[in-house]
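Dear colleague,

I am handing over the structure below, and my notes on it follow. Please read them alongside the coordinates.

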Amino acid sequence: MSFDDLIDRHGTHCSKWDMMEPVYGVPASDGLAMWVADTDFRAPPPVLAKVQEMVDHGIFGYVNADTPYKDAIRWWMRTRHDWAVEADAIFTTTGLVNGVGMCLDTFTQPGDGIVVFSPVYHAFAKVIRAAGRELVECPLVNNDGLYEMDFDAYDAQMTGKEKMVILCSPHNPGGRVWTREELQAVADFAKRHDLLLLSDEIHHDLVYSGHTHVPMQVAVPDITDRLLMLTAPSKTFNIAGLHTGQVIIPDPELRGRFAKRMQALSLAPNSIGQFTTAAAYSPEGAEWVDGLLAYLEGNRRVFDEAIAAIPGLRSMPLQATYLAWVDFSGTGMSRAEFTNRVEQQARIAVNHGTTFGTGGENFLRFNLGTQRARVEDACQRLAQAFSDLQ
C-alpha cells in the first residue's frame, strides 16, 4: 500500500474529522484534523484480509480464540521488543484507557493518590478523577526542549496517600523514549514510596531511528512484584475503534487479583479484536510497521523543518509516537492568541496543551499520522498564520 493515498474520512462518524467543527470551530469544508490520536492510514493488509474473511464467513457467534491471540502477542513482544511474556499474564480490556480504569478499580481505593508525570496523556487525569482518586502531578522538567524527571522534587511531594504511579513510555505528548537509567529511577521511586507501577507502553512500536524502547519489565526485572504493563495494537496498526488492549501482569499474586475483578465484571474480549490483533502481530504486520515508521519519520522531518523556520515556535525532538509537541512560548503571545491563529487562521484542529496538565500551558499537540500532502499543507498554513513573525 501507499501511505500517500488520501482517504476521505468525512461522514464516517470519525471522531477526528467529523467532530473538529463542533469541538474546535474548525470548518469541516477545508479544515485539517490533527488532534485525535489515530492515523489516516488504512489498516495493514493482513488485518483487512482477516476482517474480510470474517465477513465472508458471515457468522459472528461465540468464539474461543485465546490461544492464537495470546501466541501472536507473545511472538510480537519477543521478536520486536525482546520481552518474554507468559500467556497467563495477558488480560484483555476494551482499550488502554479501560485498562487504566480496571487497574485503578482493582488495586486502589477512592481517595488514594495516583501519581503522573505531567504534562501527560489527558485520559489519565480524567479516569483518575472519575474513579474518585486524587491526581498527583509530578511536573517534568523541560531541559532545553527535552523532558527529564526530577525525583528529588517528586520525593518531597509524596505524602503517604499515594498508591500508584502511572508512567507513559514512550511519553505522550513529549515523544520521549525513556532510557534504561530513567526507567530504573522510576522503579526506584515506586519502591521508595511503596507504589504500584502502571507502565502504559501503547506507543512502543512507534520509535524512530537512533532510539530504542525498552519495556519496563525488561529494563528493571526486579520491579515485577509491583508492575502492571499496558500494551495494545491500536496506535501501531490504526485499529483503535476495535477497542482491544492488553493489561500484562507478570506477578502471580497481582494477576490473581486482577483476574478475580475481571470475572466479577464478566469482561471478555470481542472476537474481531482478537482475530485482528493476531493478524497484525505477524511477519506481514511487522513489514508494514517498518514501512509506516519510515513514512512517519519523513513526516516528522518535514514538520520540524517548517516549525523551526517560524520564529518563536519550537517542536520537541520526536523520539517516538506520531504526535508533535510544539512550544509557542517564544512568540510572546497569550495562549488564546496562538491557539486562535492555529485554529481560526490556519484552520487546523489540534489538542490544547492545557488538557495534558501542568507544564502544557504553552503547547499544542499536532498529529502527524496522516498523508505527507496534509502535513505539507499544515506547514504552509502555519507559516502564513505566523507570517508577521518572520
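How many positive and negative side chains does the protein chain have, and how far apart do the centres of the two sets lie? There are 33 positive and 49 negative side chains, with 3 Å between the two centres, where Lys and Arg count as positive and Asp and Glu as negative, His and the chain ends being left uncounted, and where each charge is placed at NZ of Lys, CZ of Arg, CG of Asp or CD of Glu.

This is a predicted model, in which local features need pLDDT of at least 70 and side-chain atom pairs count only at pLDDT 80 or more, while totals for chains, interfaces and linings use all residues. Residues are numbered from 1 along each chain as its sequence is written, and side-chain values use heavy atoms, without hydrogens and water.

The protein chain has 15 helices and 15 strands, taken as DSSP runs (H or I, at least four residues, for helices; E, at least two, for strands) and numbered from the N terminus. Of its 390 residues, 56% are buried, meaning under 20% relative accessible area with a 1.4 Å probe, protein chains only.

Strand β7 (residues 162-168) has six of its seven residues buried, so it is largely enclosed by the rest of the structure. Strand β3 (residues 113-118) runs parallel to β7 and is joined to it by four bridges, with Ile 114 partnered by Met 164 in β7; strands pair if DSSP finds at least two bridges between them. Five bridges join β7 to the parallel strand β8 (residues 196-200), where Leu 198 stands opposite Ile 166.

With regards

Technical notes:
Buried means under 20% relative accessible area, exposed over 50%, partly exposed in between (1.4 Å probe, protein chains only).
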